[in-house]
Amino acid sequence: MSVGMPAITNASHAPVLLESVLVALAPRDDEVMTDATFGVGGYSRALLEAARCTVWAIDRDPDALVRAEAMVGAYRGRFGVLDGSFANMESLLARVGVSAIDGVAFDLGVSSPQLDDSARGFSFQVDGPLDMRMSRQGPTAADFVNTADETTLANVIFRYGEERNARRIARAIVRRRAERPISRTLDFAGLVAANARGKPGPQRIHPATRTFQALRIYLNDELDELRRGLAAAERLLRVGGRIVVVAFHSLEDRIVKDFLTERSGRAPRPGRHQPAVATRPATFVQPARKALRPTEVELERNPRARSARLRSAVRTSSPAWAPVGTSS
Ligand SMILES: C[S@@+](CC[C@H](N)C(=O)[O-])C[C@H]1O[C@@H](n2cnc3c(N)ncnc32)[C@H](O)[C@@H]1O
């Protein structure tokens, strides 16, 4: 892609918890940072402005990559773009000769342009094709809801959306698609909403929220990507290197919390049969165990930050833990 491409800008996008991200990443001159989820580039830009560091930006969305390429000229020699998944961060960075980094930020989930562009099919509030693919590759959400069997649909909606009406919604999907294929977001949202009734919770959310979240997580393999991305970061970070993760729902925050708890020498969620003992030398130190949340002021400015939780840690000198299933 050429540097001179027009930038796709989105004035409504405000980087979430930006100040806390910068404090935790603390970029210094000559350091190498990775923005694992470029999006609209809020974090990358702030890092580049905060110090004369180098930033490698990763995203798997072709639209985000166009925006990133458009930024290259402004920070010539200090900003590079890598097309792919952060789960493959090591091989992406190796291609440009980078084998160790001083900081990495993950800002999980979807960007504002992804949500706002009806053609991407992520939103239940604007009509568009039921797509939801971040990389624009592989099966779409419409392919999935029109072909998966009822049990698979129910399991996905329950597991990744924590939706207690999952069975009823799955049954309704199968019934509806026998009449005509499901292809549009609003049509699908209406179908889900009609079958997701229950006692309204303390925080009223749109009744299709959980099902849309479930399909997005499943189709983009978001939880496994996150596990792999965290493990890659552990291997890449130098001693003293910083990791920051901003999560937006409890499933992904649980993965981040357990990873950092375990890697900082505490066993996650000790139970009766699992005492809290460290099994291997800690690879991270956590400045704070509790997640940081946006302030009221930030929420007023940026309501999309409402469920954000930031966790950070600093790399120790212990070797990275081997992947599960290997002996060392
Ligand atoms: C919430 S946005 C990031 C916003 C960004 N911090 C900013 O300030 O503009 C998340 C971005 O991460 C990307 N993304 C999500 N999962 C990814 C993955 N596994 N690998 C690479 N990019 C991913 C999405 O395509 C999206 O552009």
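**Exercise 1. Place Gln 213 in this predicted model: which residues distant in sequence does Gln 213 contact, and is Gln 213 buried or exposed?**

Step 1. Set aside the neighbours within four places in sequence. Gln 213 is then in contact with Tyr 160, Gly 161, His 249 and Leu 251.

Step 2. Find the element. Gln 213 sits in helix 10, which spans residues 209-219.

Step 3. Check the accessibility. The relative value for Gln 213 is 19%. Buried means under 20%. Gln 213 therefore counts as buried.

**Exercise 2. Describe the surroundings of Met 89: which helix holds Met 89, and what does Met 89 touch?**

Step 1. Met 89 belongs to helix 4, residues 89-95.

Step 2. Relative accessibility is 0% for Met 89, so this residue counts as buried.

Step 3. List the contacts, leaving out residues up to four places away in sequence. Met 89 touches Thr 34, Ile 58, Val 104 and Phe 106, and also Gly 229, Ala 232, Ala 233 and Leu 236.

Step 4. Take one of these partners, Ala 232. Along the chain, Met 89 and Ala 232 are 143 residues apart. Their C-alpha atoms are separated by 6.6 Å.

**Exercise 3. Analyse the ligand site: which residues come nearest, and which atoms pair with the ligand at what distance?**

Step 1. There are 24 residues around the ligand. Val 40, Asp 59, Asp 107, Gln 114 and Glu 225 come nearest.

Step 2. Sort the shell by residue class. Nine residues are nonpolar, ten are polar and five are charged.

Step 3. Look at the backbone. A backbone N or O atom of Phe 38 lies 3.3 Å from a ligand oxygen atom. For Arg 60, a backbone N or O atom lies 3.3 Å from a ligand nitrogen atom.

Step 4. Turn to the side chains. Asp 107 places a polar side-chain atom 2.7 Å from a nitrogen atom of the ligand.

Step 5. Assess the cover. On its own, the ligand has 610 Å² of accessible area, and the protein covers 98% of that.

**Exercise 4. Summarise the whole chain: how many helices and strands are there, and what share of residues is buried?**

Step 1. Count the elements. The chain has 13 helices and seven strands.

Step 2. Of the 328 residues in the chain, 51% are buried.

Step 3. Consider contacts with a separation of 6 or more. Residues 24 or more positions apart account for 69% of them.

Step 4. Finish with the surface. The chain exposes about 16,100 Å². Carbon and sulfur atoms supply 51% of that area.

Note on methods:
Residues are numbered from 1 along each chain as its sequence is written. This is a predicted model: local features need pLDDT of at least 70, side-chain atom pairs count only at pLDDT 80 or more; totals for chains, interfaces and linings use all residues. Side-chain values use heavy atoms; hydrogens and water are left out. A residue is near a molecule or strand if one of its heavy atoms lies within 4 Å of it. A polar contact is a pair of N or O atoms within 3.5 Å; within protein, one must be able to donate a hydrogen and the other to accept it, and residues adjacent in sequence count only if both atoms are side-chain atoms. Accessible areas come from the Shrake-Rupley method with a 1.4 Å probe; for residues, only the protein chains shown count as cover. Ala, Val, Leu, Ile, Met, Phe, Trp, Tyr, Cys and Pro count as nonpolar, Asp, Glu, Lys and Arg as charged, and the others, Gly among them, as polar. Helices (H or I, at least four residues) and strands (E, at least two) are DSSP runs, numbered from the N terminus. Buried means under 20% relative accessible area, exposed over 50%, partly exposed in between (1.4 Å probe, protein chains only). Contact means heavy atoms within 4.5 Å.
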